[in-house]
Amino acid sequence: MADVIVVRVQSPDGMKKIASTKRETAAALLKKVAKEFGFNTNGFSIYLNRNKTGEILSQNKTLSLLKIKHGDMLYLFPSASSSSSGEVMDTATPHSSSSQPSVSSSSSSSSFSSSSSSMIPRSFSAPQVQEDEIDQYLTKQDGKIYRNKDPQLCHHGSLGKCVHCVPLEPFDEDYLNHLDPPVKHMSFHAYLRKLTGGADKGKFAALENISCKIKSGCEGHLPWPEGICTKCQPSAITLNRQKYRHVDNIMFENHTIADRFLDFWRKTGSQRMGYLYGRYTEHKDIPLGIRAEVAAIYEPPQNATQNSLELVDDPKAAAVDEIAAKLGLCKVGWIFTDLLSEDTRIGTVRFTRNHDSHYLSAEECITAGYFQNLHSNPCRLSRDGHFGSKFVTVVATGGPDNQVHFEGYQVSNQCMALVRDECLLPCRDAPELGFAKESCSEQYVPDVFFKDKDKFGNDVTFLARPLPVEYLIIDITTTFPKDPQYTFCSTQRFPIENRDILGETQDFHTLATYLSQCTSTAFLDIVSDFHLLLFLVTNEVMPLRDSIGLLLDAVRSSNEDLAQTWKKSEQWATIEQLCRSSLCPTPCETSTRTSTASKRASLSSRPGSTGWSASWTACDTEGTLHPSGGDRARRSLQDGEPGS
């Protein structure tokens, strides 16, 4: 054990400690350094001195012969060939270096070198993480706020700049506070620019995900609850209002999306929940902002009452996500109603969510945190490969004018950590309060604090038992465009899924009725309905999950030619046949009708009737069969009634 030494290696991206022995050769030490820093054996050089003197070559001399002692500092410099080839150093922690290998990519390095302000520090980057398209786009943007020359304060030429017209950084708080309306939270990418800006370009900046669990692998004591130490004990959490948000605006493409969702509450009085499907785009009103555009709402199976919602298992969830992905959409959030009718004559609702009660209850915050943990945000600046979430929460509730308003929220990253590690509970009698769990023999829970002002105006730290959930909430503006947009351009409304309680079912009879009501001659306009596409893929009679790809491409690209090509397929011909069969039942099917239908059907067996195929031509929405016009006149004469 006396031969064991630790050598420090200083590189342009930080320092690391290498465990070695006095009898180890220089070649073995160089291999350890290469593995630790993510280089190949020829991609760097190590020197005894900072001025690049005393180079350590790959040879069989031991460290003791080279006079390298315990605690000595060596200096690593990447070679020119390594830096020019775009090789990226992997500087993960030693215990994770094997699970996160280095990735060499000249394209990734060139994309980040396009702008000095968009550089991500290599010391904390995760090259293998595939970020969302909107994140990749905003990373390459300049992001600065350009101002025109002030005619009164600027006294320089047209090519000059001064403090009154120099471009501002996207995280400038004075600029955000003077916007109309003021912006309380900077965008996430503006926050990243703040971390990675300055002279060091964010060399020592990192995004760390909060953990409320005991670190595993501590062998110096018995496991919890018999023992714990400062190395494995999670740190206490002091809740702060988050200064940034991952999504800066929520926009529904048109009012029809929201109106159809609210129809369930209007007809039943029960609350409703749905998933928002759309895309993330740039929000130009806020520097480097992100907007969640909602194109459709999918309503999963649920048990709803006037005061509660309960989600049940959804066997079609994977298929819905797959269809949305092929349509260029993703799950961007969830929406639920909290509506109580005040006056049914004029259509007003109660204003229940305000500063005197609550905006989101603790239970809703926990649910939002659960969804956000399921849909984490890929991020290169985090060693875990993810940080925060873009998943949003929308509440349809009464506003100050007693009309239905849509309010958008997210919960903070601290709330996500508390929910993920099961440290946060709701209060039964106070929806605006949460409660941080106490440690028990099954689980250690770190102390959670928050700061507030006492009656004298002093900042006082309180234990989060209970906890005002306002510390966990981030509000997001929810809007509708002046000019409606339509990803799905069908003018007819195919029934929404899982609304059997309203008598709105999805079957081939409904599909036949829908197709007969469509007035458009363009096949793309007829099938461009999100709920119709879901039915075609998930129906039990003839699911088209493996053969509908061409139609989804046509809807995604608004290509009528592709839609017409798919219309000529055997699959659509079979669908049309099933629709015709649902409108014209066979004799065996009609025998199972009600007694009234059976009595009417018996008329066709009288002398002079033309039989089943000629007599029965249509059926209504209740499934009652109707004879043709000639048969009705003939039967009226037989029954002694005047003909029409």
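This passage describes the overall make-up of a predicted model, followed by selected features of its loops, helices and cysteines.

The protein chain has 644 residues, and 44% of them count as buried. Its secondary structure consists of 20 helices and 27 strands. The accessible surface amounts to about 34200 Å², and carbon and sulfur atoms make up 51% of that area. Among contacts in the chain with a separation of 6 or more, 67% are between residues 24 or more positions apart.

Helix α6 (188-196) has the buried residues Phe 188, His 189, Ala 190, Leu 192, Arg 193 and Thr 196. An α-helix has 3.6 residues a turn, so residues three or four places apart point the same way. The buried residues of α6 pack against one helix segment, α4 (133-139), and against several strands. The strands in question are β5 (186-187), β7 (244-245), β10 (289-298), β16 (376-378) and β17 (386-389). Just after α6, Gly 198 has a positive phi of about 90 degrees.

A second helical region involves α9 (residues 362-374) and α10 (residues 413-420), whose axes come within 8 Å and cross at roughly 90 degrees. Helix α9 is therefore roughly perpendicular to α10, given that angles of 65 to 115 degrees fall in that class. By class, six nonpolar, three polar and one charged residues form the contact of α9 with α10. On the α9 side, the residues are Cys 365, Ile 366, Gly 369, Tyr 370, Gln 372 and Asn 373. On the α10 side, they are Cys 415, Met 416, Val 419 and Arg 420. The charged residue in this contact is Arg 420, because Arg belongs to the charged class.

Two peptide bonds that precede proline are cis. One joins Trp 224 and Pro 225, with omega at about 15 degrees. Pro 225 is placed in the loop between α6 (188-196) and β6 (237-239). The other runs from Arg 465 to Pro 466, where omega is near 10 degrees. Pro 466 is found in the loop between β23 (459-463) and β24 (467-468).

Positive phi values also occur in residues other than glycine. For Asn 402, phi is near 60 degrees, and the residue sits in the loop between β18 (392-398) and β19 (404-411). Phi of Asn 498 is likewise near 60 degrees. The position of Asn 498 is in the loop between β25 (473-479) and α11 (508-517). With a relative accessible area of 33%, Asn 498 is partly exposed, since this value lies between the limits of 20% for buried and 50% for exposed.

The cysteines were also examined for disulfides, and the structure holds zero. Cys 232 is in no disulfide, and the nearest cysteine sulfur, which belongs to Cys 229, is 3.6 Å away. A disulfide requires the two sulfur atoms to be within 2.5 Å, so a separation of 3.6 Å does not qualify. Cys 232 counts as buried because its relative accessibility is 2%, under the limit of 20%. Cys 579 is buried as well, with a relative accessible area of 5%.

Technical notes
Residues are numbered from 1 along each chain as its sequence is written. This is a predicted model: local features need pLDDT of at least 70, side-chain atom pairs count only at pLDDT 80 or more; totals for chains, interfaces and linings use all residues. Side-chain values use heavy atoms; hydrogens and water are left out. Buried means under 20% relative accessible area, exposed over 50%, partly exposed in between (1.4 Å probe, protein chains only). Helices (H or I, at least four residues) and strands (E, at least two) are DSSP runs, numbered from the N terminus. Contact means heavy atoms within 4.5 Å. Accessible areas come from the Shrake-Rupley method with a 1.4 Å probe; for residues, only the protein chains shown count as cover. Axes are lines fitted to C-alpha atoms, for helices over the stretch in contact, and angles run from 0 to 180 degrees between N-to-C directions. Angles under 35 degrees count as roughly parallel, over 145 as roughly antiparallel, 65 to 115 as roughly perpendicular and the rest as oblique.
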